[in-house]
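Hello,

Here is the structure I promised to hand over. Please look through it, then read the notes below.

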Amino acid sequence: MLLPLKQGTLYGPVDSRRYGRSLGINLSPFTDKLCSFNCVYCHYGQTARLTMNSEKYRDDLPAFEDVIDELEESLESPVELDLITFSGNGEPTLHPWFPELVDAVIDLRDRCRPNAKVALLSNTTGLDNPKVRKSVTKLDLPVFKLDAGTEETFKKINRPARQVKFNEIVEHLGQIDGIYLQTVLVDGTPSNTEPDELLAYFELLGKIEPREVHLYSTDRPVPSSQIYRVDPEWLEDIASQIRSETGVPAVAFYNGKQD
Ligand code: SF4
């Protein structure tokens, strides 16, 4: 069964495999996924609102004040957390006030939970906005998705909105220091694990030089019966190849792994 959408602005805290207890901030509607990608493996199912422009959905997006008021209330409560993460029912950077929300969330964190980190899980498309590009440099853990080494595979795996350009995504990723890349690897149709595709992907990693690469496969249910999970041994092997071929630190994550 696919995962249900988050029914509020805040969710969790949930235990993340890498960083501890994470309080999620959902900047998308509660009724439909709003995203610039429609990934074949998305555990929320198909993207109902596939767009790079959230303007016409504005009334359904959480208001700036509501996000900050709810977060303040939560951070002032005794809830235990290590991380505050922009994520949720789609792509957080599509929210028109995303840069301002980053500033306000960091202010709240500094005041209420100075030891917590502020993170972002993003599909990268928001980086075409200079204000978003600047805001992500303020985050402790900016994590961006890169699932392909070539435009052809990118279109098959991530099925982006029409305006999204793969070469621009790669260019933007290479312009920001200290980013983390998250890659979901799948086998089947489509696949991003063919040898040529992996070589192209390794080449991009060498150019982008992220701080670290995190590899995952489909541990959760997916909407397509044509794609298959990459097993832990294979993930570990690809992580090892990344480290030796590119010099970029790479870690594989899967159910049952002890971090
Ligand atoms: S970018 Fe994330 S939320 Fe959007 S379709 Fe892909 S997996 Fe789902």
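**Ligand site**

The ligand is surrounded by K33, C35, F37, N38, C39, Y41, C42, T47, G90, N123 and K145, each with a heavy atom within 4 Å of it. By class, this shell holds five nonpolar, four polar and two charged residues. Cys and Tyr count as nonpolar here, and Gly as polar. The ligand takes up the space of the largest pocket.

This is a predicted model, in which local features need pLDDT of at least 70, side-chain atom pairs count only at pLDDT 80 or more, and totals for chains, interfaces and linings use all residues. Residues are numbered from 1 along each chain as its sequence is written, and side-chain values use heavy atoms, leaving out hydrogens and water.

**Sheet**

Eight strands (DSSP E runs of at least two residues, numbered from the N terminus) make an open sheet with mixed pairing. Their order is β1-β2-β5-β6-β7-β8-β10-β12. Pairing requires at least two DSSP bridges between two strands. The edges are β1 (10-16) and β12 (250-252), each paired on one side only. β1 pairs with β2 (residues 20-26) in the antiparallel sense, over five bridges. Within β2, S22 is the bridge partner of V14.

**H43**

Where is H43 found? H43 sits in the loop between β3 (34-35) and β4 (49-50). Beyond its neighbours within four places in sequence, H43 is in contact (heavy atoms within 4.5 Å) with L2, L3, R220 and P221. P223 is 180 residues from H43 along the chain, yet their C-alpha atoms are separated by 7.0 Å.

Best wishes

Notes: Helices (H or I, at least four residues) and strands (E, at least two) are DSSP runs, numbered from the N terminus. On a 1 Å grid over the protein atoms alone, a cavity is a set of points where a 1.4 Å probe fits but cannot get out, and a pocket is an open set with protein on both sides within 12 Å along at least five of seven lines; lining residues have an atom within 4 Å of a point. A molecule sits in a cavity or pocket if more than half of its atoms lie within 2 Å of its grid points.
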